[in-house]
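Biologist: Could you take me through the features of a model, giving the general idea before the particular case?

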Amino acid sequence: MFPLRDNIPSRHRSYMMWTLLALNIAFFLAGLGLSNAQEFRLFHLFGVVPARYFDPHWAMFQGYPEGLLLPLATHMFLHSGWLHLIANMWTLWIFGDNVEDVMGPFKFLFFYLLCGLGALAVHMLTNSSSTMPVVGASGAIAGVMGAYFFLYPHAKVVTFLPILIIPFIFELPAVFYLGAWFMTQVLSGMLAPAGGGGVAWWAHIGGFVVGMLLLRFFRDDSRCYYCYRSETWKEWK
């Protein structure tokens, strides 16, 4: 299932969501001219390789430079291809404006980064020996989805589902769409081979849970006009 749009309007301009979109796209476009070897080096230096942190002797032998903190931030702004970038940015565009709406731009930025770090921590703890670099904003965006899950359970998400060659487009309550997405990540993480098979399933799971847990510390109820109660939404309709 792929989300096309939701039906929750924003009351405030989404400055930070658009800034994050622009930064991710700018980083991706800046790396388009790299050769395969240069991209490999970029991802290993500025993505997060769990074994680099858990096995410093291996990291030293492989020639990784010192300085372990920068990749914790930069990995969130690197993407491995067009599909990876578009899927992440599209999801951020759908859900991010409404979450920023109840936090304000700078709280939203801090929330987004903390979700990304929480997602990364879960991935590293479940894949401590992995030598594959983690790149992408999906962990942070999963945190945004976790916050949306609690904020707007009554929202409707227009969803695209291709079955064979027939495209189906239908509305789902956000609580069902996001709940199904989360359970898909859990099942995929449990069934995936060691290392996730190229997808950081446990980062998605961790980010979603961290987003739900952190929401209470970042939301501003005075900005939360369409949140929580279906009665409020019915009244607006």
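**Reading burial, contacts and sulfur pairs**

Modeller: His-75 is buried, its relative accessible area being 3%, where buried means under 20%, exposed over 50% and partly exposed in between, with a 1.4 Å probe and protein chains only. This is a predicted model, in which local features need pLDDT of at least 70 and side-chain atom pairs count only at pLDDT 80 or more, while totals for chains, interfaces and linings use all residues. Residues are numbered from 1 along each chain as its sequence is written, and side-chain values use heavy atoms, with hydrogens and water left out.

Biologist: Where is the place of His-75, and with which residues is His-75 in contact, leaving aside its neighbours within four places in sequence?

Modeller: Contact means heavy atoms within 4.5 Å. His-75 lies in the loop between helix H5 (70–74) and H6, helices being DSSP runs of H or I with at least four residues, and strands runs of E with at least two, numbered from the N terminus. Beyond those sequence neighbours, its contacts are Phe-46, Gly-47, Val-48, Gly-116, Leu-120, Val-134, Val-135 and Gly-136.

Biologist: How many disulfides does a search of the whole structure find, and why is Cys-115 not bonded to Cys-227?

Modeller: A disulfide is a covalent bond between the sulfur atoms of two cysteines; the criterion here is a pair of sulfur atoms within 2.5 Å. The search finds one, formed by Cys-224 and Cys-227 with their sulfur atoms 1.7 Å apart, and both of these cysteines are buried. Cys-115 is also buried, at 0% relative accessibility, but its sulfur is 16 Å from the closest cysteine sulfur, that of Cys-227, and therefore too far for a bond.
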